[in-house]
Amino acid sequence: MSKQIKNQRGSALALALFLAVIISILGISLLSVSSNSLKQVDYERKDQAVFYIAEAGMSLAKLEVKKELSEIQSRSYQQITKWIDSENTRRKSTRPQLPRLKKAEAEAEYRRILNSEFKAFKNAPSILESHAISTGKVASITLDTELPADGTPLLYRINIVSKGSIEGSKEREVTQEIEIEPRLPFSEDGESGDGTGENNNEQPPGSFPDGYASIVSGNISITEGGSVTGNVSLQNGTFTLKGGAKVNGDISLENPNNIIADHWLSYTTVPKLNIDPKSYLPPTFFPDDKFLAANNISYTSKQTIGDQWNPYDVIDNQGNYNAPHTWRDPKYTLNLSTGSSSIKFRNFTVDTGNDFTIDVGDKEVDIYIDNLNIKNGKIFIKGNGKLNIYAKNITNFIGPFNQNGNPSQLNIYHQGSSTINLNANSKIAGSIINKSSNMVLTSGAAIYGNIISGGRSIEISGGMQTNGQYIIAPNATINLKGGGHITGIVVANNISSSGGTSITYGGPATPLPPGVVPETETSDYPTPNVKDNLFWTEETSMIEN
């Protein structure tokens with residue numbers, strides 16, 4: 001028994017094997033732990049690396065964005081300054097002149113330009129979509145641009161997303177936003193650009209001082225119960241009031257002693273206006289160029305009405321127009337609503353009883369006439385267009401023309417030197433622009449429009465009041481007598497009024513023809529200073545999505 005117990009051969013081998021197993025297990029465990037630790041370290045290293053890749057991509061993208069912002073800034077500034085220059089030129093050259101460009105208009109155009117630039121950038125950004133940081137390491141870039149809504153402050157936002165990746169496996173994404181506030185300063189509407197803003201009480205060319213019924217260079221004489229209702233301006237002469245004459249308004253003149261009255265009057269004198277009545281009629285007021293151009297226009301072709309048994313040449317072979325009598329065609333119309341807008345006649349004759357209509361449609365029609373001879377016929381205008389008559393000479397103007405019509409539809413230009421005589425039958429709803437001849441309106445003749453004259457004399461007697469008109473004749477003496485009345489604004493060299501006449505201030509109802517009164521020069525709206533062309537930017541903190 002004891003012999004068997006003491007037999008321990010082979011136990012060392014078993015122990016060795018056991019220990020080997022234990023050591024192997026421990027080794028494998030250590031290797032596994034070490035491997036996992038290495039994997040974790042590698043994962044963290046790559047995770048940090050893709051973040052740095054995304055961050056590097058963000059930096060590169062911002063550099064490109066800021067470069068593009070600089071180019072947008074430059075292009076926008078060039079566009080707005082070019083637009084302001086062009087708009088200044090357009091407003092000054094348009095007739096009538098347009099008002100000066102305003103700050104709100106310039107700002108609105110600048111906003112439109114910027115919106116267009118940023119919209120183009122949004123739709124097709126010129127930014128690289130990816131950056132290769134190194135082999136297998138790529139930062140992908142996406143942009144989103146936000147434009148300001150209408151009525152909101154001018155603020156743009158560009159959202160940049162940078163996604164870093166290593167060989168397309170591990171990815172991290174960061175976001176950052178850039179806010180852009182353009183700060184280009186525009187001048188206020190009241191700024192003139194010269195830094196003065198002074199006018200020394202001078203009336204700008206082409207403006208009519210408020211409330212002034214009469215503006216003269218020389219003398220005004222009101223006698224025999226005549227009156228002026230409204231302010232009066234004299235530059236150099238005397239103001240005479242006799243025989244019960246009266247004035248209801250201020251008197252503007254240099255020396256109050258130049259007021260001569262034979263009865264007590266209540267009036268107020270004010271300092272002389274710094275205004276030249278002759279400035280209201282510039283040398284180029286009359287369109288001689290239109291008459292010159294008419295030399296290249298042929299006389300209108302023959303036109304016959306009626307039938308083969310009773311034909312009538314309204315226009316003969318020589319280009320003479322002879323209006324048909326109403327018994328021949330009571331509804332006859334000279335149709336100018338189609339075809340050429342410029343026609344020419346040698347003689348334009350309207351005999352007594354020859355009533356007819358000129359149809360201009362919706363066009364502006366120019367009729368050139370060598371000699372206008374209206375002998376108590378009636379002429380009506382049909383359509384919404386405008387009729388300009390350019391007459392080298394007026395033999396007679398007796399009879400209504402456009403009576404009860406719109407005075408702004410008719411302008412009659414007279415180039416000749418013979419006196420224009422209008423009588424009781426002359427009721428013209430239109431304006432007469434007379435180059436140099438004298439004018440006589442007697443027995444209730446009326447012009448329901450404006451009278452523009454470069455002549456030396458205008459005589460008005462027995463007339464009727466209109467709704468308001470300009471009488472601009474700074475070279476003429478205007479002689480009112482026998483109940484002649486004027487309502488509107490009178491610009492003359494001298495005024496003589498007697499026999500129950502009146503001049504009453506009233507806002508003219510008919511606009512002046514182009515080129516008659518020199519318009520106030522529209523000042524240029526200043527372009528912003530290039531040094532103040534700022535794009536103020538602010539970056540938000542970079543965050544990881």
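A residue is taken as buried when its relative accessible area is under 20%. In this predicted model, that criterion is met by F291 and also by Y390, two residues that form an edge-to-face aromatic pair with 5.6 Å between the ring centres and 85° between the planes. The pair links distant parts of the chain, since F291 belongs to helix α4 (residues 288–293) whereas Y390 belongs to strand β22 (residues 386–398), 99 residues apart. F291 and Y390 are also members of a cluster that ring pairs build together with F285, F286, Y368 and Y413.

In total, the count of aromatic pairs comes to 19. One of them, formed by F118 and Y156, is stacked, with the centres 4.1 Å apart and an angle of 10° between the planes. Here too distant parts of the chain are linked, as F118 is located in helix α3 (residues 103–123) and Y156 in strand β3 (residues 156–166), with the two positions 38 residues apart in numbering. F118 counts as buried because its relative accessibility is 0%, which lies under the 20% limit. Y156 has a relative accessible area of 0% and is therefore buried by that criterion.

Charged side chains are also found over an aromatic ring. K344 lies over the face of Y299 at 4.7 Å from the ring centre, and R346 lies over the face of Y299 at 4.1 Å from the ring centre.

Among the strands, β8 (residues 231–234) is covered on both faces, with N231 and S233 buried on one side and V232 and L234 buried on the other. Strand β5 (residues 212–216) runs parallel to β8 and is joined to it by four bridges, with I215 standing opposite S233. Strand β8 also pairs in the parallel sense with strand β11 (residues 250–252), over two bridges, and in β11 the bridge partner of S233 is S252. S233 thus faces I215 and has S252 as its bridge partner in β11.

A separate description applies to an open sheet of three strands, in which the order is β17-β19-β21 and the pairing is parallel. Strands β17 (333–335) and β21 (379–383) stand at the edges, and because each has a single partner strand, one side of each is left without a neighbour in the sheet. From one strand to the next, the twist averages 25°. Within this arrangement, strand β19 (residues 356–361) runs parallel to β21 and is joined to it by five bridges, and the bridge partner of F356 in β21 is I379.

Further along the chain, strand β31 (residues 469–481) takes part in several parallel pairings. Two bridges connect it in the parallel sense with strand β29 (residues 451–453), where I451 has I471 of β31 as its bridge partner. Five bridges join β31 to strand β30 (residues 457–461), and these two strands run parallel, with I458 standing opposite I478 of β31. Nine bridges join β31 to strand β32 (residues 485–497), again with the strands running parallel, and in this pairing I471 stands opposite V490 of β32. I471 is accordingly placed as the bridge partner of I451 and opposite V490.

Notes:
Residues are numbered from 1 along each chain as its sequence is written. This is a predicted model: local features need pLDDT of at least 70, side-chain atom pairs count only at pLDDT 80 or more; totals for chains, interfaces and linings use all residues. Side-chain values use heavy atoms; hydrogens and water are left out. Rings of Phe, Tyr and Trp (its six-membered ring) pair if their centres lie within 6.5 Å; planes under 30 degrees apart count as stacked, over 60 as edge-to-face and the rest as tilted. Buried means under 20% relative accessible area, exposed over 50%, partly exposed in between (1.4 Å probe, protein chains only). A charge sits over a ring if NZ of Lys or CZ of Arg is within 6 Å of the ring centre and within 35 degrees of the ring normal. Two strands pair if DSSP finds at least two bridges between them. Axes are lines fitted to C-alpha atoms, for helices over the stretch in contact, and angles run from 0 to 180 degrees between N-to-C directions.
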